[in-house]
Structure formats: C-alpha cells, structure tokens
Amino acid sequence: MARRAVPLLASLAVSVSLLAAVSSADSWLYEKFTPDGNVRVNYDASGQQVTSLVLDQQSGGAFISKQKYLYGEFSIQMKLIRGNSAGTVTSFYLTSGDEPGHDEIDMEFMGNSSGDPVVLNTNVWAGGDGKKEHQFYLWFDPAADFHKYTIIWNDKNIIFKVDDLFIRSFKRYADLPYPGGKPMSVHATLWDGSYWATLQGEVKVDWSNAPFVVSYRGYSADACTPNGDGRPLSCPAGTDRWMNRQLNDAEWGTVAWAKQNYMHYNYCEDGWRFPQGFPAECSRN
C-alpha cells in the first residue's frame, strides 16, 4: 500500500536536542532531508544522530530526501514502536512522486497488537502498478533495538535486506514494467493506517497509547543522481558493488529460508486477487 501523503500533518513540530558534540558528517537529517510533521532529533552517547518520528491524534511525521536518485543502495537503522502499535504504519521507501504512473519501492512495517509479530511489507510499483507484495513476519523484536534495513536498486533487480539477510529479489524482465526510468526520492514516514495496517483494518489505533515513536539512525545512500535528460548519471566511485549486484546461491538460500519460515503473504499465490491469472513474473521467478 503506497502512501501519497502522511495524514494528519497539521503542524511542523521539529525539536532538536544536542546531547553530544558531533561532526557534521553525523548530522544526516538536515543535510540530506526535509522533515515534516512531528520529527525529533537527538544524539546517542556515541554521537550518532537519532531521528524520531512521532504519531499522535493531531499529526504524524516524515522526512523526505532533498536529492532524487536513479539506482543505488539505501539503508537505515530503525527501532520500531514499543508495545501495542496496531493500526500504525512505519516506512522506509523510494518514490518518484504522487503522479499517475509513478514508481515506488517500499519497506513498510505494519503495527501489531502487543505480543503479535510485526509484519514487514515489501512492494514494487512500476508505471503506477503495484500489487506485488511479499510480506514477512519479523523473526526478532524490532522495537527492542535498532536493526538495519536495506534496498538495493539497479537495472537488473531490486533486493530487500534485513540486517545481514537477503529476503527478496524482484527481477527485471525486458517485457514487463520495472522502476528504472524515473528518479526517486527517499522517504521515511509514520502514519495512521487503521483502515489497512493490522489484520486488514480490523484493529485500529488505540490512541490511549499515544504518542507512538519510531527511531532512525545510520542513514546511508550510495547512489547515482540524474543530471537532466540525455546526460549521464553522476555516480560515486565503486558503484559496481551495487550496480551489478545480484544474489548468489548462498544469498538465494536466505531468501528461501525467509519465504519458508516467515512469509505472511505472497501476491503470486493470491488467486482471489488475480482471478484472471497471476502477473507474468510469477511464473518466471
């Protein structure tokens, strides 16, 4: 489920508390992103910047990259909402915008009732067409500590990674839509997804537990930037480490492990959703 905007962003409430002296290299939020809504910034004991998004009944939170990219490796560490987070949606994703025909690559964390596993929704949109979800129950408590989430996007495939484990590869086929022609910005959001997020909308946000807080740190973008129509991309040195990245046999093994043990939903197995036949890539993977 793609987000076209963060709901309830009624006011900008950005508070900054500097708990340690840090270099500008650690201050990634204001250098690389535009914050929106309830965004708080602190620094941990090591001097690492920690950005928190806050959701209450008046507002959610987001930050959006100032730069757009065309292919790259994007990662961030996140610590999700503690306790009952049902109805909330936390995300880290790329999108070309809100226009019809947009491209998008999603990692979305759907809130849960206390004690239930958190669902990670991965999805790919190309030319405005999504409905390509793979959803996984996380095999750890994502609210207990920070974990690293990574998207690798090149002209061959899109790879999703949790910590050191690869969980999905979405392959490009020459005759099928693929997000490769539109530069995309990086977004992080926290919003009220009561209509959809938990048990298909059966469980709503319990506002007595507000405010809900999710924290981000350690953002990295090793990526190419566009220079205008017809001009070569500007890419950092050493782009081969992700530009030609595809999974090896061992890494496909972790994908199979995640699918066998933790997959919650696979669009290629949802015959009710696709009564006229599954999308073409389902029979090729």
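Strand S6 (residues 88-95) and strand S13 are joined by 8 bridges and run antiparallel. This pairing offers a convenient way into the structure, which is a predicted model. Within the pair, Ser91 stands opposite Thr189 in S13. S13 itself covers residues 185-192, and 7 of its 8 residues are buried, leaving the strand mostly covered. S13 also pairs with strand S4 (residues 61-65), again in the antiparallel sense, this time through 4 bridges. Here Gly61 has Leu190 of S13 as its bridge partner. A general point helps when viewing such strands: in a regular strand, side chains alternate between the two faces of the sheet.

With that starting point in place, the whole protein can be considered. Its secondary structure comes to 3 helices and 15 strands. The C-alpha atoms fill a box of roughly 50 × 45 × 40 Å along the principal axes. For 285 residues, a compact globule would have a radius of gyration near 19 Å, and the protein, at 18 Å, agrees with this. Buried residues account for 52% of the 285 residues. The chain also brings together residues that are well separated in sequence: among contacts between residues at least 6 apart, 67% join residues at least 24 apart.

A second antiparallel pair is formed by strand S11 (residues 157-162) and S12, over 6 bridges. The two strands make a hairpin with 2 residues between them, and Asp163 in this hairpin takes a positive phi near 50°. S12 is largely enclosed by the rest of the structure, because 5 of its 7 residues are buried. Lys171 is found in this strand. Is Lys171 buried, partly exposed or exposed? Its relative accessible area is 44%, and since buried means under 20% and exposed over 50%, Lys171 is partly exposed. The bridge partner of Lys171 is Asn157. Asn157 is also one of the residues that Lys171 touches, together with Lys156 and Tyr178, when residues up to four places away in sequence are not counted. Pro183, in turn, is 12 residues from Lys171 along the chain, and the C-alpha atoms of the two are separated by 19 Å.

Tyr178 appears again in the surroundings of Ala126. Ala126 lies in the loop between S8 and S9. With a relative accessible area of 5%, Ala126 is buried, because the cut-off for burial is under 20%. Which residues does Ala126 touch, not counting those up to four places away in sequence? They are His102, Asp103, Pro177, Tyr178 and Pro179. The C-alpha atoms of Ala126 and Gly101 are separated by 7.2 Å, although the two residues are 25 apart along the chain.

The pockets come next. Rolling a probe the size of a water molecule over the atoms shows where empty space is left. The largest pocket has a volume of about 690 Å³. It is lined by 26 residues, of which Met110, Gln135, Trp196, Gln200 and His264 are the closest to its centre. Strands S8 (119-125), S9 (134-137) and S15 (263-266) each supply at least two residues of this lining. S8 gives the most, with 4 residues. By class, the lining of the largest pocket divides into 12 nonpolar, 9 polar and 5 charged residues.

The second largest pocket has a volume of about 420 Å³. Of its 21 lining residues, those closest to the centre are His134, Ser169, Trp252, Val255 and Asn285. At least two lining residues come from each of S9, strand S12 (165-171), helix H3 (249-262) and S15. Which element gives the most to this lining? S12 does, with 5 residues. The lining of the second largest pocket holds 11 nonpolar, 6 polar and 4 charged residues. S9 and S15 thus appear in the description of both pockets, supplying at least two residues to the lining of the largest pocket and at least two to that of the second largest.

How values were computed:
Residues numbered from 1 in each chain as written. Predicted model: local features only at pLDDT ≥ 70, side-chain atom pairs only at ≥ 80, totals over all residues. Heavy atoms only, no water. 1 Å grid on protein atoms, 1.4 Å probe; cavity = no way out; pocket = protein on both sides within 12 Å on 5 of 7 lines; lining within 4 Å. Points joined across faces, edges and corners; volume = space filled by probe spheres on them. Nonpolar A, V, L, I, M, F, W, Y, C, P; charged D, E, K, R; others polar. Buried < 20%, exposed > 50% of the residue type's maximum accessible area, 1.4 Å probe, protein only. Pairing = 2+ DSSP bridges. Rg over C-alpha atoms; globule rule 2.2 N^0.38 Å. Contact = heavy atoms within 4.5 Å.
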